[in-house]
Amino acid sequence: MNRLVLLACVLPTVASAGSVISGHQIADIDAGTGVTVAQEFVVGSDGGTTLTAAQLRWAREDLHLGVRIPYGAYRTPQGRDGSLGNLQIGGYYTVIPTVTVGLEVHANIGEGAWSWTNASSDLWPGAGARAVTQYRSEASGSLTWLARGALGVASARAVDPFPGTRLQFEAAGGLDTAIGDMAGFTTELSLRGWDTSPIDLAGLFRVDPIDGLRVRGGLLLPVGTWVGLSPSQRPAGAREATLMLDVAAYF
Amino acid sequence: MRAQLLLLAILIGCADASESGDASWIAPFDGQTAFSPDQDLVVSMRGVAVPDDYPLNDLIQVMDLLDGGRVPGEVTLTGDTVRFSPDAPWESDRRCGWTVYDPLEIAHGPEVHLPDGTEGTAVFEVSDNIHVLDATVGEVDGSVCLLLSRPSEDALELDVWVQAAEYSLTAEVQPDSREDYALADTDAGAGVRCFESPEALAAGDAIRLQIAGTGDLFTQGPWRLELSEAPIVELLAARRRASLIPSAWEAGL
């Protein structure tokens, strides 16, 4: 970490064009036009599912549009399989500099990715819509508070553990600590219901190596699943975590 | 007795209709003979949701009990019905055992569990043999009714030894007005024969019996059976691992 601080002092200040601070659930929905490629690996004895997602963002003044396409690779009783997940489209409006509201919809475009990482609407075939709002505010020079709330309805093929049509809510809070001008560390706690992973604790390290490019990596701990709150029939126990990597470019 | 037989025939006729309900079952039933060489093994999992085309290849495994070894075939899922299709038609004069397993559970995947009682091993034969599978005093008053592994249009000559009463009898049992238990269009189903006992027999009594050879049929048996008090439909439902067959038949009436 000291090396990074030193690096930040030596190199010219990097200010990524259009980039915003975000967590895992608290997404960069109000960022500038750009593209993000993200990878999630569920590791551990209950792991094996990976998610690769490409996200396109378009922004004009206070309006933002995002399109995200996830692909899942997962285990089955006969080996590994893979499929496109649910296409996710979001439209957002920045009401005031700290608050953004929007509507997100998702619908399946794959043959059936019968798995999930930590969000029920990413891979498992289904459709739904939710209203979202996000908040971001600098608390001090290096601290930024983040929050997200969402409420909606989702429907999926009713194969256990998925119940079919369901109401969904999300609440997430996070804190980002800047490390110089190029890096930072974001922690986030999120609650969701109904969801396959109801309580998640995430930590992400971010670096902006050049202007307009952000690389993040971190770990998500599904503590709700660990303590048996997941709707799955799997018993309680810490048998999985999720590694996360993403690269975002802002134009 | 004729009226009871007619009622039974109606019950049997309703068997197929009942299968459109929420029942789970297997076919062939445990102990069935005269199984068609080109027929699939079927597990109906009514009420269990499974993703389309989700791989369930280990759900059914079949063993050739004559030559030994696993019978190769393909397991396919259509809706909530699983079928095992052998790579080649079943060989004649063959006895096979087949086992239905609960699907392997994968973390972060569909949680598919068979209905209670569906798992387990059953046997069937691609042969003309007739086996007496169960015997009951709960079907017709004063008579012993036998659940047979296949229907037969011929008269059967039974040699029966009743252990408790220490007597034996020979009875020629003719096909009567009752239909046999055909379970589907392509399924021969089960057979039922009844004979009147000269002595009062009760559930729990043991009998030993054999079918004397007639026509092309060699002597079959002997079998030692404990008399049940359940009606034939319940005995057959147990061998089909049918979850709701008795109530479905009642609903069909």
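Which residues form a nonpolar patch on the surface of chain A? In this predicted model, where local features need pLDDT of at least 70 and side-chain atom pairs count only at pLDDT 80 or more, totals for chains, interfaces and linings use all residues. Residues are numbered from 1 along each chain as its sequence is written, chains are lettered from A in the order in which they are written, and side-chain values use heavy atoms, leaving out hydrogens and water.

**The patch on chain A**

The patch consists of Trp58(A), Leu63(A), Leu65(A), Ile89(A), Tyr93(A), Val95(A), Ile96(A), Val101(A), Leu103(A) and Val105(A), together offering about 850 Å² of accessible area. Patch members have over 30% relative accessible area and no salt bridge, with nonpolar side chains joined within 5 Å; a salt bridge is a side-chain nitrogen of Lys or Arg within 4 Å of a carboxyl oxygen of Asp or Glu. Areas come from the Shrake-Rupley method with a 1.4 Å probe.

These strands (DSSP runs of at least two residues) each supply at least two patch residues:

| Strand | Residues |
|---|---|
| E3(A) | 63–76 |
| E5(A) | 86–96 |
| E6(A) | 99–108 |

E5(A) gives the largest share, 4 residues. Val95(A) lies in E5(A) and, at 45% relative accessibility, counts as partly exposed, the class between buried (under 20%) and exposed (over 50%).

**The sheet in chain B**

Chain B holds an open sheet of 3 strands, ordered E3-E6-E7 with antiparallel pairing; pairing takes at least two DSSP bridges. E3 (60–64) and E7 (120–126) of chain B are at the edges with a single partner strand each, so one side of each lacks a neighbour in the sheet. Antiparallel strands E6(B) and E7(B) are joined by 7 bridges, and Gly97(B) stands opposite Val123(B) in E7(B).

Definitions and conventions
Patch = residues over 30% accessible without salt bridge, like charges linked within 9 Å, V, L, I, M, F, W, Y side chains within 5 Å. Buried < 20%, exposed > 50% of the residue type's maximum accessible area, 1.4 Å probe, protein only.
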